[in-house]
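Visitor: I'm new to this structure and would like some help reading it. Could you take me through a few features, one at a time?

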Amino acid sequence: MRDILEESIQRLLADHVTPALLRVSEQGTVPQALWNLIEDSGFTLALVRESAGGSGLVWADAYPLVVASGQHALPLPLPETLLAAWLLDQAGIKVPRGPITVADTTGAAGVRATRYGDQWLLDGVLPFVPWGRCAGHAVVEVQIAGVLHVALVALAGLSR
């Protein structure tokens with residue numbers, strides 16, 4: 001499976017990550033069509049359980065996705081999305097479509113969680129969010145009553 005995955009991602013990125021695409025990406029344009037190809041190929045859900053719509057691979061089998069992202073200078077957060085999707089799946093949270101990042105709350109200006117019925121409101125500042133302009137969501141860790149929780153935060157509409 002690992003060999004098939006490696007061959008597939010290498011071929012897709014070799015065909016689509018061109019010097020022209022990289023130049024446009026450096027200007028701040030997100031290559032949405034390429035993201036759609038990556039997502040439709042199932043790569044973003046490689047580490048998610050099959051019962052949740054993923055491939056159910058282990059980290060060692062998904063490693064070629066991370067390597068290929070670096071080799072081709074992929075201007076999209078595929079490794080971050082893999083990690084975020086795995087964390088969400090482990091926490092029993094449905095993985096949304098689109099690029100996802102992981103934001104570090106260490107040193108954040110007092111990220112707080114307040115319960116409203118069956119929902120939680122997170123409040124605070126995340127000073128550095130990798131791929132924040134590209135990702136639609138971020139996965140963050142939040143301590144509630146001394147217990148560490150994984151939270152999915154929609155980034156649309158937040159001040160940047």
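Guide: Let's start with a single residue, His-72, which sits in the loop between helix 4 and helix 5. Keep in mind that this is a predicted model.

Visitor: Is His-72 buried or exposed?

Guide: The cut-off for buried is under 20% relative accessible area. His-72 has 19% relative accessibility, so it counts as buried.

Visitor: Which residues is His-72 in contact with, leaving aside its neighbours within four places in sequence?

Guide: There are Gln-10, Leu-13, Ala-14 and Val-17. Helix 1 runs over residues 2-16.

Visitor: What about Ala-73, where is its place?

Guide: Ala-73 is also in the loop between helix 4 and helix 5. Its phi is near 50°, a positive value in a residue other than glycine. With a relative accessible area of 44%, Ala-73 is partly exposed.

Visitor: Which loop holds Trp-131, and what is its phi?

Guide: Look in the loop between strand 3 and strand 4 for Trp-131. Its phi is positive, about 60°, although Trp-131 is not a glycine. This residue is partly exposed too, at a relative accessible area of 30%.

Visitor: Let's move on to the core. How should I think about one?

Guide: In soluble globular proteins, nonpolar side chains tend to be buried together. Here, the largest nonpolar core has 21 residues, and those touching the most other members are Leu-13, Leu-34, Ile-38, Leu-65 and Leu-74.

Visitor: Which helices each supply at least two residues of this core?

Guide: Helix 1, helix 3 (32-40), helix 4 and helix 5 do. Helix 1 gives the largest share, four residues. There is also a second, separate core of nine residues, with Ala-103, Ala-135, Ala-138 and Leu-155 among them.

Visitor: Could you zoom in on Leu-34? What is Leu-34 in contact with, beyond its neighbours within four places in sequence?

Guide: Leu-34 is in contact with Leu-12, His-16, Val-17, Leu-21, Leu-74 and Leu-76. Of these, Leu-74 was named above as a residue that touches the most other members of the largest core.

Visitor: Now aromatic rings. How do I read a pair?

Guide: A pair of aromatic rings is described by the distance of the centres and the angle of the planes. In this model the count comes to one aromatic pair. Trp-59 and Trp-86 form it, with 5.7 Å centre to centre and 70° between the planes. Angles over 60 degrees count as edge-to-face, and that is how this pair is classed.

Visitor: Why does the pair tie together parts that are apart in sequence?

Guide: Trp-59 lies in helix 4 (residues 59-71) and Trp-86 in helix 5 (residues 78-90), so the pair links parts that are 27 residues apart in sequence. Both rings belong to partly exposed residues: Trp-59 has a relative accessible area of 39%, and Trp-86 has 27%.

Visitor: Last topic: pockets. How is empty space found?

Guide: Rolling a probe the size of a water molecule over the atoms shows where empty space is left. In this model, the second largest pocket holds about 270 Å³ of space. It is lined by 13 residues, and the closest to its centre are Trp-120, Leu-122, Val-150, Ala-151 and Leu-152.

Visitor: Which strands each supply at least two residues of that lining?

Guide: Strand 3 (119-123), strand 4 (137-144) and strand 5 (147-154) do. Strand 5 has the largest share, with five residues. By type, the lining divides into ten nonpolar residues, two polar and one charged.

Conventions
Residues numbered from 1 in each chain as written. Predicted model: local features only at pLDDT ≥ 70, side-chain atom pairs only at ≥ 80, totals over all residues. Heavy atoms only, no water. Phe/Tyr/Trp six-rings, centres within 6.5 Å; stacked < 30°, edge-to-face > 60°. Buried < 20%, exposed > 50% of the residue type's maximum accessible area, 1.4 Å probe, protein only. 1 Å grid on protein atoms, 1.4 Å probe; cavity = no way out; pocket = protein on both sides within 12 Å on 5 of 7 lines; lining within 4 Å. Points joined across faces, edges and corners; volume = space filled by probe spheres on them. Nonpolar A, V, L, I, M, F, W, Y, C, P; charged D, E, K, R; others polar. Contact = heavy atoms within 4.5 Å. Core = buried A, V, L, I, M, F, W, Y, C linked by side-chain atoms within 4.5 Å.
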